[in-house]
Amino acid sequence: MHHFYPLKAIKVRKETNDSINIAFEIPPNLKNEFSFKQGQYLNLRFVFGDEDLRRSYSIVNAPTEGNAELEILVKHLDGGKVSTYLNNELKAGDFIEVMAPMGHFYTNYHPSNEKTYVGLAAGSGISPVLSNLKEALYLEPKSKAYLFFSNKSFDQIIFRKEIDELAEKFNGRLKVVYILSREKHFEDELFEGRITAGKLELLFARFEEIPIQGATYFICGPTEMIKGISDYLKNDKKVPSLQIMYEYYAAPDDEENAEMSDEFKAIPNLESMVTVIIDDDEYSFHLNSKKNSILDQAIKEKLPVPFACKGGVCCTCKAQVLEGEVFMEKNFALTDDEVAKGYVLTCQCHPTTNVVMLNYDV
Ligand code: FES
């Protein structure tokens, strides 16, 4: 499990001035391994000198588009080693190590459905939202979709050409609203600013045909936006939680400077013997509860642990606690149900008992 495969980048196209669109060729022998659901993501691996870096990027295509390729979007982040390399140096024909698709940011579609889907995306958060909306529109001829999409300026609207073509192709079944945070481009003030709960209230008033409580929502963007909008939908508009799907940006470059929380400061200071099961093999190491995360220590011990974002976002480092207890600093990926069953994100975990055993083979 969690293997990386070398995939050839067959298209590398500048999407905006600070993002690129990469298409990977999927060889026939990997078709099954790389079959995917709308809204899933790919983990990419890069070895720069003695650094082993992983990053996750959402797939942009929809499965029913039937491409033999998988596309991702990579936005350049200031100081981001991987995004800088990909934006500045990657060329068609290069190979990258890629893990099979993962993630749960999707719902199931059926041709008989007659539903309304609302996509709320900011910047590169468009990828998994667009993948879902396309799948819905292709598979469900009676369903409709709305896309509320914020970017800094008109020139920086990611996939604008493709989105406009889709709106035309689906002939009224897809309505798109671009919202610009740093440019006054449209006459209407509704299309300025950011997507917040207040903005969504105004959008609902403008598009009053949206069945607010009956619609399904896909939200992807910064933490603040996701929290604000999902709280508003759940608490103010009484939208059932199952109809609100969200995916956080994977932002490892920011996470490295994150401060220790008060809850983490309060855990006991103890030495623990941690045992991890990976691909049926058991490995043990000592770890102080206040020091490295379980994942970081396992990497330091050169164990073959799966990981990508290291920020509690992508879920690649998921394991199940079989013995003892751990403290999980952040969790943007596991559901409450998974947490109740003992699943944890090991990049966010510290032991809080002297003996801990975790199983990565889950
Ligand atoms: S590595 Fe992404 S959640 Fe832990």
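Biologist: Which strands does helix H5 lie across, and at what angle does it run to S10?

Modeller: Before anything else, keep in mind that this is a predicted model. Helix H5, residues 223-236, lies across S7, S10 and S11, and it runs at about 160° to S10.

Biologist: OK, and what sheet do those strands belong to? In what order do the strands come?

Modeller: Read a sheet by walking across it from one edge to the other. Here the walk goes S9-S8-S7-S10-S11, five strands in an open sheet with parallel pairing. The edges are strand S9 (174-180) and strand S11 (244-248), each of which pairs on one side only. From one strand to the next, the twist averages 10°.

Biologist: Which helix packs on the sheet and touches S7, S8, S9 and S10?

Modeller: That's helix H4, residues 197-206. The strands it touches are S7 (116-122), S8, S9 and S10 (216-221), and its direction makes about 140° with that of S9.

Biologist: Let me zoom in on S8 and S9. How many bridges join them?

Modeller: Seven, with strand S8 covering residues 144-151 and the two strands running parallel. To follow the register, look for residues that stand opposite each other. Alanine 145 faces leucine 174 in S9, and serine 150 faces isoleucine 179 in S9.

Biologist: Is S9 mostly covered or mostly open?

Modeller: Mostly covered: five of its seven residues are buried. As you click along a strand, remember that in a regular strand the side chains alternate between the two faces of the sheet.

Biologist: What does antiparallel pairing look like here, say between S1 and S2?

Modeller: S1 and S2 run antiparallel, joined by seven bridges. They form a hairpin with two residues between them. One bridge to find on screen is lysine 14 with its partner isoleucine 20 in S2. S1 also pairs with strand S6 (residues 95-99), antiparallel again, over five bridges. On that side, tyrosine 5 stands opposite valine 98 in S6.

Biologist: Tyrosine 5 has a ring, so let's talk aromatics. How many aromatic pairs does the structure hold?

Modeller: There are 19. For each pair, check two things: the distance between ring centres and the angle between planes. Tyrosine 5 and phenylalanine 34 have centres 5.6 Å apart and planes at 75°, so they count as edge-to-face. The pair links distant parts of the chain, since tyrosine 5 is in strand S1 (residues 4-16) while phenylalanine 34 is in the loop between strand S2 (19-25) and strand S3 (41-48), 29 residues apart. Both tyrosine 5 and phenylalanine 34 are buried.

Biologist: And why is the pair of tyrosine 248 and phenylalanine 332 called tilted?

Modeller: Because their planes are at 45°, with the ring centres 4.6 Å apart. Tyrosine 248 is in strand S11 and phenylalanine 332 is in the loop between strand S15 (326-328) and helix H9 (336-340), so the pair ties together parts 84 residues apart in sequence. Tyrosine 248 is buried at 12% relative accessibility, whereas phenylalanine 332 is partly exposed at 24%.

Biologist: Which residues form an aromatic cluster?

Modeller: Phe105, Tyr109, Tyr117 and Phe218 make up one.

Biologist: I've also heard about charges sitting over rings. Where does the charged end of arginine 54 sit?

Modeller: To spot these, look down onto the ring face. The charged end of arginine 54 is over the ring of phenylalanine 307, 3.9 Å from its centre. Lysine 290 does something along those lines: its charged end sits over the ring of phenylalanine 264, 5.9 Å from the centre.

Biologist: My bench instinct is to ask about cysteines. How many disulfides does the count come to?

Modeller: Zero. The test is sulfur to sulfur, within 2.5 Å. For cysteine 220, the closest cysteine sulfur is in cysteine 309, 13 Å away, which is too far for a bond. For cysteine 349, the closest is in cysteine 317, at 7.7 Å, again too far.

Biologist: Are cysteine 220 and cysteine 349 buried or exposed?

Modeller: Cysteine 220 counts as buried because its relative accessibility is 3%. Cysteine 349 is buried as well, at 0%.

Definitions and conventions. Residues are numbered from 1 along each chain as its sequence is written. This is a predicted model: local features need pLDDT of at least 70, side-chain atom pairs count only at pLDDT 80 or more; totals for chains, interfaces and linings use all residues. Side-chain values use heavy atoms; hydrogens and water are left out. Two strands pair if DSSP finds at least two bridges between them. Helices (H or I, at least four residues) and strands (E, at least two) are DSSP runs, numbered from the N terminus. Axes are lines fitted to C-alpha atoms, for helices over the stretch in contact, and angles run from 0 to 180 degrees between N-to-C directions. Contact means heavy atoms within 4.5 Å. Buried means under 20% relative accessible area, exposed over 50%, partly exposed in between (1.4 Å probe, protein chains only). Rings of Phe, Tyr and Trp (its six-membered ring) pair if their centres lie within 6.5 Å; planes under 30 degrees apart count as stacked, over 60 as edge-to-face and the rest as tilted. A charge sits over a ring if NZ of Lys or CZ of Arg is within 6 Å of the ring centre and within 35 degrees of the ring normal.
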